[in-house]
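Biologist: Hello! I am new to reading protein models, and I would like some help. Could we go through one together, feature by feature?

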Amino acid sequence: MTAHKDRPWLIRTYAGHSTAAASNALYRGNLAKGQTGLSVAFDLPTQTGYDSDHDLARGEVGKVGVPVAHLGDMRALFDQIPLDQMNTSMTINATAPWLLALYIAVAEEQGADITALQGTVQNDLIKEYLSRGTYICPPAPSLKMIADVAEYCYANIPKWNPMNVCSYHLQEAGATPEQELAFALATATAVLDALRPRVAAEDFPALVGRISFFVNAGIRFVTEMCKMRAFVDLWDEICATRYGVEDPKYRRFRYGVQVNSLGLTEQQPENNVYRILIEMLAVTLSKNARARAVQLPAWNEALGLPRPWDQQWSMRMQQILAFETDLLEYGDLFDGNPVVSARVEALKEGARAELSNLDSMGGAIAAIDYMKGRLVESNADRLNGIESGETMVVGVNKFTTTEPSPLMGSDGGIMVVDPATEADQIARLNGWRAERDAEAVDAALAGLKKAAQNGENIMPPSIVAAKAGVTTGEWAGVMRAVFGEYRGPTGVSRSRSNKTDGLEDIREAVDAVSDKLGRRLTFLVGKPGLDGHSNGAEQIAFRARDCGMDIAYEGIRLTPQEIVAAARKDGAHVIGLSILSGSHVPLIEDVMDRLRAEDLSHIPVIVGGIIPDDDVAKLQSFGVAKVYTPKDFELNRIMMDIVYLVNTLSLAAE
């Protein structure tokens, strides 16, 4: 037993929706219930640098987080929350310099001592190219902006973590534990290599000490716990040998965690409570690898947006472990355990081999295409295991007999954002623009552009812009103008595949319908809107390619107009659309209207995403042929559905 009971980790919930005012009420309510830190979720327009009234923001405002378009929104978001007393994590990447600038401006308005601010911006663009998709600019200038934030924070906000190296989404994209370790550590070294020339040699170890991590913990909790111990050892090793950091406190692996959302099931969703608890144990049981902050998903996140009660239930799970059990009274429970030690060493060996491979390619930035391809392949293997039954998922491919859940009330068990929210947010945005000093805005934008063009640190002019009333879209517009916009790798090639095991019947069916068509069956996969979670779309495209179809997939963030144009250009026989952000109704309706206007309504459209039952009927009324949700895990059945639709609908129009 330890002489003194350890302090518990920061207890957070990842939250934000609808409007800044509504999110502020949620935050203050959660803090009153015992939450000890904030974790802010921003909506997709904010994450990708668009104002709420931009064409690409349609249907996305306030859906997966809070819209923050300017200083007024940030002010409302933290109303009555003293920022100098708060530890705030902001899940923001491409627009991280801007959101941090707004946060600093609000803190100054509150009279806070800026040097005392504590918190984190995620600010990890490399994983955005690999798995999450909210990038704006190409890798090189993005890396420079990450370094700008880190340099500024070190000099001005020394308690702030300027980057969360985020392996969370790598696991969501299918990474093995070894890949998760290696890809995250390679990202961290890429950033530190960029930072090293910016500070005096004697100051660099302290800067290394401010880099933190944000990780994922899956259901294989023994392996996940060993992975965290491997992270601790490898990071200490890298800091000591690569960067010569001598002080152990600067080599400490500091991380926050959200446990796995990928494994949450739409079927028997009440089982997710147990999954979340087991996954939390992986990052709390081992004292020497314990998370510094924990946020847990809610049991119903595979269904839609959780309600405040659902988030409270997950927070209570943390509080019971931290305050009712005796976990924090003891030292590390696994030191000296031969099974754990062997597993940790095996993970470290695999990660070192992958790190060496990445180094030989020139590091994480140069290896983005390679890492993306590996993630798509690993995710395909994961899904194949579930589909074949080799990987058991209770309630999905085993023990599927069930009783109706009493947790599913008349609201469908989720919270739905009022569609009027978007119009209200746009009205407030227009009011903000009308009342600000236009000359001050123009001057601030000019100063920001000049700093970006000259290679200066963009944080100081971003703070000036925040105070002048510049909007998120205007700030990002300058970054796009100076640095350009990037299209990330998809990890899915158009070349025919030799992976035919178990696909013979489908390939024969694809060949037969292709013969009738007089050319190869062409499947267009598209992601309309700003949702960057492309794993599902990639796996559908990957399997369709293996089944012998020609694939047209240009990646994320396409407008309905671009999708319809691609359908005509590629001669698509079927269109598959994937949306996970909750914006499926307005975006799919737009696509269907444009197909009819272009005389392409004969092309069958299938849709996949987190789609409530009530919305399925609505999509079908638009003319959608098939709707798939997370419960539809059998990809081969979807492939046969595609063949059937082409055989019965597209062929009639050929």
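Biologist: Let me begin with side chains: which kind of contact do R596 and D593 make?

Modeller: Before we start, keep in mind that this is a predicted model. The general idea is that a salt bridge needs a side-chain nitrogen of Lys or Arg within 4 Å of a carboxyl oxygen of Asp or Glu. Here the side chains of R596 and D593 form a salt bridge, with 2.7 Å from N to O.

Biologist: Where do R596 and D593 lie?

Modeller: Both belong to helix 22 (residues 584–597). They are three residues apart, which is about one turn of the helix.

Biologist: How do I decide whether a residue is buried or exposed?

Modeller: Look at its relative accessible area: under 20% is buried, over 50% is exposed, and anything in between is partly exposed. R596 has 42%, so it counts as partly exposed. D593 has 39%, so D593 is partly exposed too.

Biologist: Which side chains does R637 meet in salt bridges?

Modeller: One of them is D632, at 2.9 Å from N to O. R637 also meets D641, at 3.7 Å from N to O. D641 and R637 are four residues apart in helix 24 (residues 635–653), so about one helical turn separates them.

Biologist: Are D632, D641 and R637 buried or exposed?

Modeller: Apply the cut-offs again. D632 is at 17%, so it counts as buried. D641, with 14%, is buried as well. R637 is at 36%, so it is partly exposed.

Biologist: How many salt bridges are there, and which residues are linked in a network?

Modeller: The count comes to 40 salt bridges. As for a network, K144, D148, E151 and R198 are linked by salt bridges.

Biologist: Now the surface. Which residues form a nonpolar patch there?

Modeller: I219, Y274 and I278 form one, and together they have about 300 Å² of accessible area. I219 sits in the loop between strand 8 (212–215) and helix 10 (221–241). Its relative accessible area is 46%, so I219 is partly exposed.

Biologist: I also see strands side by side. What is the order of the strands in the open sheet of five?

Modeller: Reading across the sheet, the order is 12-11-13-14-15, and the pairing is parallel. Strand 12 (550–553) and strand 15 (626–628) stand at the edges; each has a single partner strand, so one side of each has no neighbour in the sheet. From one strand to the next, the twist averages 20°.

Biologist: How do strand 14 and strand 15 pair?

Modeller: Strand 14 (residues 605–609) pairs with strand 15 in the parallel sense, over three bridges. If you look for I606, you will find K626 of strand 15 opposite.

Biologist: Which helices pack on this sheet?

Modeller: Among them is helix 20 (residues 535–546), which lies across strand 11 (522–526), strand 12 and strand 13 (574–579) and runs at about 160° to strand 12. Helix 21 (residues 560–570) also packs on the sheet and touches strand 11, strand 12 and strand 13. The direction of helix 21 makes about 165° with that of strand 11.

Biologist: Can we finish with a single residue: is T522 buried or exposed?

Modeller: T522 lies in strand 11. Its relative accessibility is 7%, so it counts as buried. Leaving aside neighbours within four places in sequence, T522 is in contact with D550, D570, G571, A572, H573 and V574.

Methods: Residues numbered from 1 in each chain as written. Predicted model: local features only at pLDDT ≥ 70, side-chain atom pairs only at ≥ 80, totals over all residues. Heavy atoms only, no water. Helix = DSSP H or I, 4+ residues; strand = E, 2+ residues; numbered from the N terminus. Buried < 20%, exposed > 50% of the residue type's maximum accessible area, 1.4 Å probe, protein only. Patch = residues over 30% accessible without salt bridge, like charges linked within 9 Å, V, L, I, M, F, W, Y side chains within 5 Å. Areas by Shrake-Rupley, 256 points an atom, 1.4 Å probe, with all protein chains shown as cover. Pairing = 2+ DSSP bridges. Axes fitted to C-alpha atoms, helices over the stretch in contact; angles between N-to-C directions. Contact = heavy atoms within 4.5 Å.
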